[in-house]
Amino acid sequence: MTRLAGKVAMITGAGRGIGAAIASAFVREGAVVVLAELDIALARETAARIGSASNVLAVQTDVTQSASVQNAVSEGEAKFGAIDVLVNNAGINVFCDPLTMTDDDWRRCFAVDLDGVWNGCRAVLPGMVERGRGSIVNIAST
Ligand SMILES: NC(=O)c1ccc[n+]([C@@H]2O[C@H](COP(=O)([O-])OP(=O)(O)OC[C@H]3O[C@@H](n4cnc5c(N)ncnc54)[C@H](O)[C@@H]3O)[C@@H](O)[C@H]2O)c1
C-alpha cells in the first residue's frame, strides 16, 4: 500500500522507539521522511535501515530549541519540498517520586514534551496555513 505516496513527513525523536517505527511505516506507505532527532548517529543508523538517501533525511535536531526545529524544517523542505505531515513524537520520561524529582528534571521534561511540540507546530504551521493543508500528530502519554 502507498497511502502516503507523494507526502513529505517530519518525525521528531525518530532515531529509535515509536518515532523510528512511525518513520518506517511512513516510508513503507510511500512518504519521504525527515528524521528530526537529537542523536544524529542514531538517526543516521535508522535512516539507513528504513530507507535510502532518496527518501529519508536525518537532521540533528533539539526540539527544545525553536531555531533547531526551524532548521530541520528548512533542510527537509530544501531536499524534499514542503512538509505535509509533522509528527511531534520526541518525548522524555522523568517519572519518579515527586519529592525526589529535581527542578532540572521538571524543566527538562516540560522543555522536551511541551516546548518541543510548540516549537514543531510553530515551525510548520505558517506553511501549512498558506497552502491550506497539512497534518500535525502529537504523541502524548498519561
Ligand atoms: N514507550 C511507551 O510506552 C510510551 C507510552 C506512552 C507515550 N509514549 C510517548 O511516545 C513518544 C516516544 O516514546 P518512546 O518510548 O519511543 O521514546 P524513546 O526514548 O525510545 O525515544 C525517544 C527519542 O526522542 C529523542 N529525543 C529526546 N530528546 C529529544 C530532543 N530534545 N530533541 C529531539 N529528539 C529527542 C531520543 O534521542 C530518542 O531517539 C514520547 O513522546 C513518549 O512520551 C511512549
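**Exercise 1. In this predicted model, find which backbone atom lies 2.8 Å from a polar atom of the Asn-119 side chain.**

Solution, step by step:

- Start from the side chain of Asn-119 and look for a backbone partner: the backbone oxygen of Val-63 sits 2.8 Å from one of its polar atoms.
- Now place the residue. Asn-119 belongs to helix H4, a helix that covers 103-131.
- Next, list who else touches Asn-119. Skipping neighbours within four places in sequence, you should get Val-63, Thr-64, Gln-65, Ser-66 and Val-69.
- Finally, check the exposure. Asn-119 has a relative accessible area of 6%, so it goes down as buried.

**Exercise 2. Work out which residues are closest to the ligand, and which atoms of Glu-37, Asp-62 and Val-63 pair up with ligand atoms.**

Solution, step by step:

- Count the surroundings: 17 residues sit around the ligand, and the closest are Arg-16, Ile-18, Glu-37, Asp-62 and Asn-89.
- Take Glu-37. One of its polar side-chain atoms is 2.5 Å from a ligand oxygen.
- Move to Asp-62, where an N or O atom of the side chain is 3.0 Å from a ligand nitrogen.
- Then Val-63, which uses its backbone: an N or O atom there is 3.0 Å from a nitrogen atom of the ligand.
- Put an area on it. The ligand on its own exposes 830 Å², and the protein buries 71% of that.
- Ask what kind of space this is, and you'll find that the ligand takes up the largest pocket.
- Tie it back to the previous exercise: Val-63 has a backbone atom by the ligand, and its backbone oxygen also lies 2.8 Å from the Asn-119 side chain.

**Exercise 3. Is Asn-89 buried or exposed, and what does its side chain reach?**

Solution, step by step:

- Locate Asn-89 in the loop that runs from strand S4 (85-88) to H4.
- Read off the accessibility: the value is 12%, and buried means under 20%, so Asn-89 is buried.
- Follow the side chain of Asn-89 to the backbone oxygen of Gly-13, at 3.1 Å.
- Collect the contacts, ignoring residues up to four places away in sequence. Asn-89 touches Ile-11, Thr-12, Gly-13, Ile-18, Gly-19, Ile-22 and Ile-139.
- Pick Ile-22 from that set and turn the view around. Ile-22 sits in helix H1 (residues 17-28), and with the same sequence filter it touches Ile-11, Val-87, Asn-89 and Ile-139.
- Check Ile-22 too: its relative accessible area is 18%, so this one is buried as well.

**Exercise 4. Sort Arg-133 and Arg-44 by exposure, and find the side chain that makes a polar contact with Arg-133.**

Solution, step by step:

- Place Arg-133 first. You'll find it in the loop between helix H4 and strand S5 (135-138).
- Its relative accessibility is 47%, so Arg-133 is partly exposed.
- Look for its polar partner: the side chains of Arg-133 and Asp-84 make a polar contact at 2.7 Å.
- Beyond neighbours within four places in sequence, Arg-133 is in contact with Asp-84 and Met-128.
- Now Arg-44, which is in helix H2 (residues 40-50). Exposed means over 50%, and Arg-44 comes in at 55%, so it is exposed.
- For a distance check, go C-alpha to C-alpha. Arg-44 and Lys-79 are 16 Å apart in space, with their positions 35 residues apart in sequence. Arg-133 and Ala-78 are 19 Å apart in space and 55 residues apart in sequence.

Key:
Residues are numbered from 1 along each chain as its sequence is written. This is a predicted model: local features need pLDDT of at least 70, side-chain atom pairs count only at pLDDT 80 or more; totals for chains, interfaces and linings use all residues. Side-chain values use heavy atoms; hydrogens and water are left out. Helices (H or I, at least four residues) and strands (E, at least two) are DSSP runs, numbered from the N terminus. Buried means under 20% relative accessible area, exposed over 50%, partly exposed in between (1.4 Å probe, protein chains only). Contact means heavy atoms within 4.5 Å. A polar contact is a pair of N or O atoms within 3.5 Å; within protein, one must be able to donate a hydrogen and the other to accept it, and residues adjacent in sequence count only if both atoms are side-chain atoms. A residue is near a molecule or strand if one of its heavy atoms lies within 4 Å of it. Accessible areas come from the Shrake-Rupley method with a 1.4 Å probe; for residues, only the protein chains shown count as cover. On a 1 Å grid over the protein atoms alone, a cavity is a set of points where a 1.4 Å probe fits but cannot get out, and a pocket is an open set with protein on both sides within 12 Å along at least five of seven lines; lining residues have an atom within 4 Å of a point. A molecule sits in a cavity or pocket if more than half of its atoms lie within 2 Å of its grid points.
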